[in-house]
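User: I would like to go through this model by question and answer. Please reason briefly and close each reply on the value or name requested.

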Amino acid sequence: MALDKAETIICHDLNDVVEKAATSFADTATEFIRKKSLFNVVLSGGSTPQPLYQLLSSDRFRNQIDWTRVQLFWGDERCVPPTDRASNYGMATKSLISKIKIPFKNIHRIKGEMGEDSACFYEKELRSFFSLGKDAFPKFDLIILGIGEDGHTASIFPGSPVVNETSDMVAADYVDKLSSTRITLTPPTINNASNIMVLACGNNKADAIKEIFEGDSKPDIIPSQFLRKAKGKVSFFLDEPAASKLASLKA
Ligand code: 6PG
């Protein structure tokens, strides 16, 4: 789906983004569980997705979803133990997993503590879970993404060779600006999802959002532009400041 067909939901503020994203998550989960008794979802790190997880764990949403049918995966992870404050798995555990009845076997964390090796281990886990042959990519039902003000998403940062990856499902990449290695799903894996939900709030994301939708193609500089090749439905949940530089909304 080229992004001119993406669904763009403009919200008043972060709370509105989170409310609308939680409703969309619950509706999508219900749809997939009804159709195939299973919902494979990829979580993101970041301060924008975190309140979404907290809302999903609340009384208002928790019981709308049969968590025993949900399989949780991650779009990226830091190379730290699961108990580290930087761990995306740790953040999701505090915000969501510790408050819902989801079987431990349904949780497929990236074992960041293994460092670069966790990329090939995670790829093996995905290949086994989805019973994938060579050259095939997993088709997640929903992938949740945040956007960095530098235009990164997952852990695909400006200048990273991962943005041009075409065969690996998962990659390990040293991020100079962070002086650390990150583990991330690659563009072909992300773009193969049935649904992608992108959350972005704040004036500091407006330039990146404009470049993603309207900028000349320069994925080495704005990695999130790879989403222009997404095969499924892409929904952007943006607050007004993050969407403020989109010409398409000024018409
Ligand atoms: C991470 C995330 C990353 C995040 C963006 C947006 O591991 O940090 O996967 O891609 O979603 O950086 O983060 P904010 O929502 O905090 O701006």
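User: How far does a polar side-chain atom of Arg-78 lie from an oxygen atom of the ligand?
Analyst: The model is predicted. A pair of N or O atoms counts as a polar contact within 3.5 Å. The side chain of Arg-78 places a polar atom inside that limit, and its separation from a ligand oxygen is 2.7 Å.

User: What share of the ligand's own accessible area does the protein cover?
Analyst: On its own, the ligand has 420 Å² of accessible area. The part of this that the protein covers amounts to 87%.

User: Which residue offers a polar backbone atom to an oxygen atom of the ligand at 2.7 Å?
Analyst: Ser-44 approaches a ligand oxygen through a polar side-chain atom, at 3.2 Å, and so does not supply the backbone atom in question. The polar backbone atom at 2.7 Å from a ligand oxygen belongs to Ala-154.

User: Which residues around the ligand come nearest, and how many charged residues does the shell have?
Analyst: Among the 16 residues around the ligand, the nearest are Ser-47, Thr-48, His-152, Ala-154 and Lys-205. By class, the shell has three nonpolar and nine polar residues, and its charged residues number four.

User: Is helix 4 mostly covered or mostly uncovered, and which residue caps its N-terminal end?
Analyst: Helix 4 spans residues 88–95 and is mostly covered, with six of its eight residues buried. Those buried residues are Asn-88, Tyr-89, Gly-90, Met-91, Ala-92 and Ser-95, and they pack against strand 2 (39–43), helix 2 (49–56), strand 3 (70–74) and strand 4 (76–78). At the N-terminal end, a side-chain oxygen lies 3.2 Å from the backbone nitrogen of Tyr-89, and the capping residue that carries this oxygen is Ser-87.

User: Which helix gives the most to the largest nonpolar core?
Analyst: This core has 81 residues, and those touching the most other members are Phe-25, Leu-52, Trp-74, Ile-144, Ile-190 and Phe-236. Beyond its neighbours within four places in sequence, Phe-25 is in contact with residues including Phe-39, Val-41, Trp-67 and Met-197. With nine residues, the helix that gives the most is helix 1 (residues 14–36).

User: Why does Asn-195 count as buried, and which residue's backbone oxygen lies 3.0 Å from its side chain?
Analyst: Asn-195 is in strand 8 (residues 195–200). Asn-195 counts as buried because its relative accessibility is 16%, and the cut-off is under 20%. Its contacts outside the neighbours within four places in sequence include Thr-28, Phe-32 and Lys-233. The backbone oxygen at 3.0 Å from a polar side-chain atom of Asn-195 is that of Asp-141.

Terms used: Residues are numbered from 1 along each chain as its sequence is written. This is a predicted model: local features need pLDDT of at least 70, side-chain atom pairs count only at pLDDT 80 or more; totals for chains, interfaces and linings use all residues. Side-chain values use heavy atoms; hydrogens and water are left out. Buried means under 20% relative accessible area, exposed over 50%, partly exposed in between (1.4 Å probe, protein chains only). Helices (H or I, at least four residues) and strands (E, at least two) are DSSP runs, numbered from the N terminus. Contact means heavy atoms within 4.5 Å. A polar contact is a pair of N or O atoms within 3.5 Å; within protein, one must be able to donate a hydrogen and the other to accept it, and residues adjacent in sequence count only if both atoms are side-chain atoms. A residue is near a molecule or strand if one of its heavy atoms lies within 4 Å of it. Accessible areas come from the Shrake-Rupley method with a 1.4 Å probe; for residues, only the protein chains shown count as cover. Ala, Val, Leu, Ile, Met, Phe, Trp, Tyr, Cys and Pro count as nonpolar, Asp, Glu, Lys and Arg as charged, and the others, Gly among them, as polar. A nonpolar core is a set of buried Ala, Val, Leu, Ile, Met, Phe, Trp, Tyr and Cys residues joined through side-chain atoms within 4.5 Å.
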